[in-house]
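Subject: Structure for you to look at

Hello,

Please find the structure below. My notes on what was found in it follow.

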Amino acid sequence: MIDRTIPQNHTSHFRGPISVVGSRAFTMADLLVVLAVIMLLVAVVVPIMARSSARTRQAQCLGNLKEITRAVLLYADDFKGTLPAPEPTAGRPVWWWYKDLVKGHLGLTAPSSPRDKVFACPDDRGYDEPRPFHHSPKFDYGSYVFNGVNLPGVPNLAGKTVTSVLEPSKTLLMMEWTAHAPLSWHKSRTGKQNQPFYNDAENMVGFVDGRAAFIKIYYDGINAAYTRNPIPGYDYKYSAE
């Protein structure tokens, strides 16, 4: 009798070919399609994220202005309603050194520094120094200015009482540094440049009634914005009268 059993070590010789039906290589055309889709998504998503980030920074800046405006008004409450006034012996402009007078109402007791985040606008790009105002000891580490430029002929609130302000809902109490020019940190028409000044630059401001807003600042093309009240049509002013 013939033994027809196949030896076990011979089974490998009977394996069939592996099927590759339905598979294909990843071609250059496929890669180009994927890259095109990625580029399209980047073109759509990046501007959306940039706008969202800008809105977040603006909201933080406006929130800061509201807190500082409240602190200045609380300071006035402590001094029979009188707003910050120049200190003759200090020799420092009260419109930015007001910070040392009011920061206690914001829980700050240490010497001024860049750590005073409530006084820092996230979009602050500075002006005459290569750093933001809130990083500069020259400006007492603050992005915001009190309406107290007590120069001859300039309308301001330095040393005035809150009750003497006839239109508290229209009268500026606080503002970003850029409102003085004016320029804008948020919707800049000059990009990252701090010149030229231009009319209707949009800035964060705080009013005597405690409100904070994002408004357009008038510029006559010659004089710095803070040197005079705006023309009719603008819902703000610098003077108490």
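A residue counts as buried when its relative accessible area is under 20%, as exposed when that area is over 50%, and as partly exposed in between. Serine 113 has a relative accessible area of 8%, so it is buried. Please keep in mind that this is a predicted model.

Serine 113 sits in the loop between α3 (99–102) and β1 (144–146). Which residues does serine 113 contact, leaving aside its neighbours within four places in sequence? They are Lys99 and Tyr141.

Now the overall layout. The protein has 3 helices and 4 strands. Read from the N terminus, the order is α-α-α-β-β-β-β. The protein has 241 residues, and 41% of them count as buried. If you take the contacts between residues at least 6 apart in sequence, 60% of them join residues at least 24 apart. The exposed area of the protein is about 14,100 Å², and 60% of it is supplied by carbon and sulfur atoms.

Next, the inside. In soluble globular proteins, nonpolar side chains tend to be buried together. In this model, the largest nonpolar core has 49 residues. Those with the most contacts inside it are Val72, Tyr98, Phe146, Leu173, Met174 and Tyr236. Two or more residues come from each of α1, α2, β1, β2, β3 and β4 (212–217). Which element gives the most to this core? It is α1, with 8 residues.

Methionine 174 is worth selecting in your viewer. Leaving aside neighbours within four places in sequence, methionine 174 is in contact with Leu65, Ile68, Thr69, Val72, Tyr98, Tyr144, Val145, Phe146, Val205 and Gly206. Val72, Tyr98 and Phe146 appear in this list, and they are also among the residues with the most contacts inside the core.

On the surface there is a nonpolar patch of about 460 Å². Met28, Leu31, Leu32, Leu35 and Ile38 make this patch. Leucine 35 belongs to helix α1 (residues 28–78). Is leucine 35 buried, exposed or partly exposed? Its relative accessibility is 40%, so leucine 35 counts as partly exposed.

Last, the backbone. Most residues other than glycine have a negative phi, and most peptide bonds are trans. Some places in this model depart from that, and they are listed here.

- Lysine 80 is not a glycine, yet its phi is positive, at about 55 degrees. Lysine 80 lies in the loop between α1 and α2 (94–97). With 81% relative accessibility, lysine 80 counts as exposed.
- Aspartate 140 also has a positive phi, near 55 degrees. Aspartate 140 is in the loop between α3 and β1. Its relative accessible area is 3%, so aspartate 140 is buried.
- Alanine 181 and proline 182 are joined by a cis peptide bond, with omega about 5 degrees. Proline 182 is in the loop between β2 (172–176) and β3 (201–207).
- Glutamine 195 and proline 196 are joined by a cis peptide bond too, with omega about -5 degrees. Proline 196 is likewise in the loop between β2 and β3.

Regards

Technical notes:
Residues are numbered from 1 along each chain as its sequence is written. This is a predicted model: local features need pLDDT of at least 70, side-chain atom pairs count only at pLDDT 80 or more; totals for chains, interfaces and linings use all residues. Side-chain values use heavy atoms; hydrogens and water are left out. Buried means under 20% relative accessible area, exposed over 50%, partly exposed in between (1.4 Å probe, protein chains only). Contact means heavy atoms within 4.5 Å. Accessible areas come from the Shrake-Rupley method with a 1.4 Å probe; for residues, only the protein chains shown count as cover. Patches are made of residues with over 30% relative accessible area and no salt bridge: like charges are joined within 9 Å, nonpolar side chains (Val, Leu, Ile, Met, Phe, Trp, Tyr) within 5 Å. A salt bridge is a side-chain nitrogen of Lys or Arg within 4 Å of a carboxyl oxygen of Asp or Glu. A nonpolar core is a set of buried Ala, Val, Leu, Ile, Met, Phe, Trp, Tyr and Cys residues joined through side-chain atoms within 4.5 Å.
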